[in-house]
Amino acid sequence: MSVFGSNGARKMNCDEVAPLLVFLACDEVTAEERAGIESHIMECAECRAQLAEVGEFQDNLATLPQSADELDRTGTLLAQCRSELSETLDEMAAPVEQESWRPFGFVRRWMALRPVWSAAGLLAAGAILGVQLLQWLPTNDSNLNFRAVNVSAAQKITNEQLEKMAVSEINFAPNSDGTPGTLQVQLRAEQPVVLSGNLDDSDMRRVLTYVVKNSERFDPGVRLDCLDALRAKIGDAEIRDALLDAARRDKNPAVRMKALESLREVASEQDVRDAVLESLEEDTNPGVRVEAINLLVRSLEMESGTPAMPPSPGANSDVPMVAQTAPALAESDPSVRRVLRALEQLRRNDPNHYVRLRSAAALRQIGPAEVQ
Amino acid sequence: MPLPQWALALADSAGKSGEHQAVLATVTALPELDERALVVEAQAGNRAAFEELVRRFDRDVLRLALNLMKRPEDARDVYQEAFLKVYRNLHRFRFECSFYTWLYRIVTNVCLDHLRRRQARPEDQAPEVLVNRQEEGTRDFFEVQREHRPALDPERSLIGKEIRTRLAKAMERLSPRERVVFEMKHYQGLKLRAIGDALGTTEETVKNSLFRATRKLRQELGELR
């Protein structure tokens, strides 16, 4: 008997056709599958009936109203969402502008407004500096040719070097499987240094945590890059201290927000929760307060969850298992009570509308019945 | 710094002149920019360009959120959280996929997070739109349709109502991922490959989710046929 049907397509049996009918009805089969199915249903009344049934189901779906049409008929919700987003962006932008002071900022502004004069000035300065520098430098060729030095992990960076360094660039080279790989940090010091390695290198850790802890000396972009690199080793006590420090004290709200976000995996630990609560109660930036709320919700979820429990047969692997809720924890853990109190305060008194909404939503998620 | 010709031309055609008006023209011309140019502008810190990007896509985003979450306040949370994530991470977007795909990846992840959280809390699951609507006595879908489609009969109306109620209940039993896949396929009309891109998974996985979701829903509606 031929394995090909009258139209030349491979013959399929009912077991092969059945799972493809849904995809045929929504036009998601290959040409070959389509030919095989069509050839089969010409001969099989049962599969033909199945296909008609799937078609009817799709038709029914198409005639049903969608929640979106019902819930926002007039577009009021969309307008409200836009306005809230705009308000939040305004508030996020405001403190960043306050911190826009940079050394020689007035010179840069002057140069930006007078590009021709600036270009001429820079050329003249470069020429003078180049001529003078040649006279100052010794004529020894080996000294003239020095460039960046690669430092191996074994070579120690001194405290003095740390205090004088500036970071010009941080590059990431992730491994092919997406895990954190090699980091390359270019330092500007008396002698330029390129530091390569990963977070297992103590020098690498020292440099990155130093940058995070001494925020006033480094650019916010560099600090964000350091946080990105450090989050891969959040279990390390020194790194966690640096991140907590940044979450509490960094002048830039984007950096504080990033530091909080980096602490997600250890959100349920006491020192982290204290820092998050501090941000929640004291941070002036609404974006940071919202991130703190998200982190607290996560910390309570982590605390009340039962991750060690194996999934039961047939259980859905998409669903995280959380056995208890915050009210039960609140009785035994005073810090949970403090979280609930702080959220309640925020819900009532926060000047920002979105933060109030988010706190109310968080309380609905985690809070005891009486605060809902 | 001289303004681009197109910005000046726009200002002149509107009968305005001077630097201030020209800057306004730059802003009004943002809707003319293509998606890539807008993203580049927004990455450079142009807030107006970011807001224009939001306006291009937020209707679809809110629609997806409403269809999935079924509650306006949850959809509003999803909208805010998703666009704030986009704002904070826009500098990381490297045009390796379309902005639309990248945005949908963020939105679907936020939706999945919310749905999983909701599913983990039984007290948060009950109240979705269809149940509420019936309780509040809102008109049935087929009753609304009848005004425009006089051929529909009362029996059809009853069956339609029953199908809708059962479908809503069955949707609640889907896993968050199945629900998102089903929604994106049937109501957003996306291809399976695009859904896979948005969810950061393979087309085959999406196919499995859609198959499981459809089977569960058909089982629920089976007795009505």
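Me: How close do the axes of α5(B) and α6(B) come, and at what angle do they cross?
Reply: In this predicted model, where local features need pLDDT of at least 70, side-chain atom pairs count only at pLDDT 80 or more, and totals for chains, interfaces and linings use all residues, the axes come within 9 Å and cross at roughly 135 degrees (lines fitted to C-alpha atoms, for helices over the stretch in contact, with angles from 0 to 180 degrees between N-to-C directions; helices are DSSP runs of H or I, at least four residues, numbered from the N terminus). That makes α5(B) oblique to α6(B) (not under 35, over 145 or 65 to 115 degrees).

Me: Which residues meet there?
Reply: From α5(B), B:D74, B:D77, B:V78, B:E81, B:A82, B:K85 and B:V86 meet B:L103, B:I106, B:V107, B:V110, B:C111 and B:H114 of α6(B), where contact requires C-beta atoms, placed from the backbone, within 7 Å. Residues are numbered from 1 along each chain as its sequence is written, and chains are lettered from A and ligands numbered from 1 in written order.

Me: Switching topic, how many residues of chain B are in contact with chain A?
Reply: Chain B places 44 residues in contact with 36 residues of chain A, and α4(B) gives the largest share of chain B's side, nine residues.

Me: And which helices of chain B supply at least two residues each?
Reply: Those helices are α4 (47-69), α5 (72-89), α6 (99-120), α7 (129-135), α9 (154-173), α10 (176-186) and α12 (203-221) of chain B, all on the side that touches chain A.

Key:
Contact = placed C-beta atoms within 7 Å.
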